[in-house]
Amino acid sequence: GLDSEPRVSSRGKVARCAHPRATGSRGHTHATLSCATMGRRTGIIPGEACPLTGFPLDYSYKDVSEVKGFLVEPPFAGVAKGSDRRSLPKGSELNACGVKLSNNSLTSLDGLPAFLEAVLDDPMELRWIDLSFNALTRIDPVLLNYPKLSCIYLHGNRIDSLKEIDKLGEMEHLAKVTLHGNPVEEIKNYRMYVPVAIHSLRSLDFIGITKVDRDKMMTWEKERKAARDRW
């Protein structure tokens with residue numbers, strides 16, 4: 001199907017969905033995405049200047065434990081920098097603005113800048129990164145080097161501290177984050193804390209944040225600060 005987000009069952013378990021793709025007569029993976037279509041299908045929330053681009057590069061299920069390991073093989077889908085560009089949509093400015101590194105064994109993001117430089121036409125146009133189902137215990141500040149990121153998937157990792165989430169608060173375009181399936185999800189007031197820490201957030205764990213939700217969160221934050229001041 002054309003679903004790009006994992007389906008969440010009633011028990012909170014995540015089911016895998018295929019990345020949007022279509023194969024042409026030459027066997028190429030065709031990517032014909034406008035910014036609006038990219039947003040609907042991949043979760044990327046584009047800005048006004050989002051360029052026409054191909055599908056995110058899919059490096060999932062490669063049994064990789066270090067980011068540099070992704071350079072050994074081509075992606076399952078998408079057109080990496082330096083590859084045959086005939087399957088990109090006509091008029092494409094960039095090969096991709098999203099990368100899928102999910103379902104591997106990453107424990108850190110060491111080497112991410114070099115990897116993105118090698119596979120993306122313009123790494124600074126990175127809008128979407130899927131790091132779900134790895135073994136990450138922290139949120140690497142290297143993500144802050146990509147200010148246009150609007151969607152980060154981190155579900156199914158080993159992050160256990162709310163303080164790690166504070167790092168993402170500096171990303172003014174970050175609208176969509178997933179963290180379910182991490183130990184941090186079990187901490188009291190997790191769903192209050194995350195949107196307060198990331199003011200630009202519109203969706204947490206595939207659930208939209210409404211104005212009513214935001215008002216409740218702001219009230220909670222004021223009460224929390226008042227309690228701290230009393231101590």
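A salt bridge is a side-chain nitrogen of Lys or Arg within 4 Å of a carboxyl oxygen of Asp or Glu. This cut-off is needed for one residue of the structure above, which is a predicted model. Arg214 is buried but has no salt bridge, because the nearest side chain of opposite charge, Asp215, is 7.5 Å away and a salt bridge needs a distance within 4 Å.

**Arg214 and its surroundings**

Arg214 belongs to helix 5, which covers residues 211–230. Its side chain reaches the backbone oxygen of Pro195 at 2.7 Å. When neighbours within four places in sequence are set aside, Arg214 is in contact with Pro195, Val196, Ile198, His199, Leu201 and Ile209. Pro195 and Val196 also appear among the buried residues of helix 4, together with Tyr190, Tyr193, Val194 and Ala197. Helix 4 spans residues 190–197, and six of its eight residues are buried, so the helix is largely enclosed by the rest of the structure.

**The chain as a whole**

The secondary structure of the protein chain consists of five helices and 11 strands. Of the 231 residues in the chain, 49% are buried. Contacts in the chain between residues at least 6 apart in sequence can be sorted by separation: 61% of them join residues at least 24 apart.

**The sheet**

Seven strands form an open sheet with mixed pairing, in the order 5-6-7-8-9-10-11. Strand 5 and strand 11 (207–208) stand at the edges with a single partner strand each, so one side of each has no neighbour in the sheet. Strand 6 and strand 7 run parallel and are joined by three bridges. Gly98 stands opposite Trp128, a residue of strand 7.

Cys151 is part of strand 8, which comprises residues 151–153. Cys151 is buried, as its relative accessible area is 0%. In sequence, Cys151 and Lys176 are 25 residues apart, while their C-alpha atoms are 4.6 Å apart in space.

Lys176 is also one of the contacts of Ser203, a residue of strand 10. Strand 10 consists of residues 203–204. Apart from neighbours within four places in sequence, the contacts of Ser203 are Ala175, Lys176, Val177, Gly208 and Ile209. Ile209 is in contact with Arg214 as well. Ser203 is buried, with a relative accessible area of 11%.

**Helix 2 against the strands**

Helix 2 covers residues 112–119, and its buried residues include Leu112, Phe115, Leu116 and Val119. Seen down the helix axis, the buried residues of helix 2 fall within an arc of 95°, so they line one face of the helix. Among the elements that cover these buried residues are strand 5 (57–58), strand 6 (98–100) and strand 7 (128–130). Strands 5, 6 and 7 follow one another in the order of the sheet.

**Residues in loops**

Glu93 is placed in the loop between strand 5 and strand 6. Leaving out neighbours within four places in sequence, Glu93 is in contact with Pro51, Leu52, Arg85 and Asp121. Glu93 and Asp121 are 28 residues apart along the chain, and 8.8 Å separates their C-alpha atoms.

Tyr61 is in the loop between strand 5 and strand 6 too. Tyr61 has a positive phi of about 55°, although it is not a glycine. Phe206 is a residue other than glycine with a positive phi as well, near 65°. The loop that holds Phe206 runs between strand 10 and strand 11.

The accessibility of these three loop residues is set out below.

| Residue | Relative accessible area | State |
|---|---|---|
| Glu93 | 55% | exposed |
| Tyr61 | 40% | partly exposed |
| Phe206 | 19% | buried |

The state of Phe206 rests on a cut-off: buried means under 20% relative accessible area, and Phe206 has 19%. Glu93 counts as exposed because its 55% is over 50%, the cut-off for that state. Tyr61, at 40%, falls in between and is therefore partly exposed.

Notes: Residues are numbered from 1 along each chain as its sequence is written. This is a predicted model: local features need pLDDT of at least 70, side-chain atom pairs count only at pLDDT 80 or more; totals for chains, interfaces and linings use all residues. Side-chain values use heavy atoms; hydrogens and water are left out. Helices (H or I, at least four residues) and strands (E, at least two) are DSSP runs, numbered from the N terminus. Buried means under 20% relative accessible area, exposed over 50%, partly exposed in between (1.4 Å probe, protein chains only). Lys and Arg count as positive and Asp and Glu as negative; His and the chain ends are not counted. A polar contact is a pair of N or O atoms within 3.5 Å; within protein, one must be able to donate a hydrogen and the other to accept it, and residues adjacent in sequence count only if both atoms are side-chain atoms. Contact means heavy atoms within 4.5 Å. The arc is that of the directions from the helix axis to the C-beta atoms. Two strands pair if DSSP finds at least two bridges between them.
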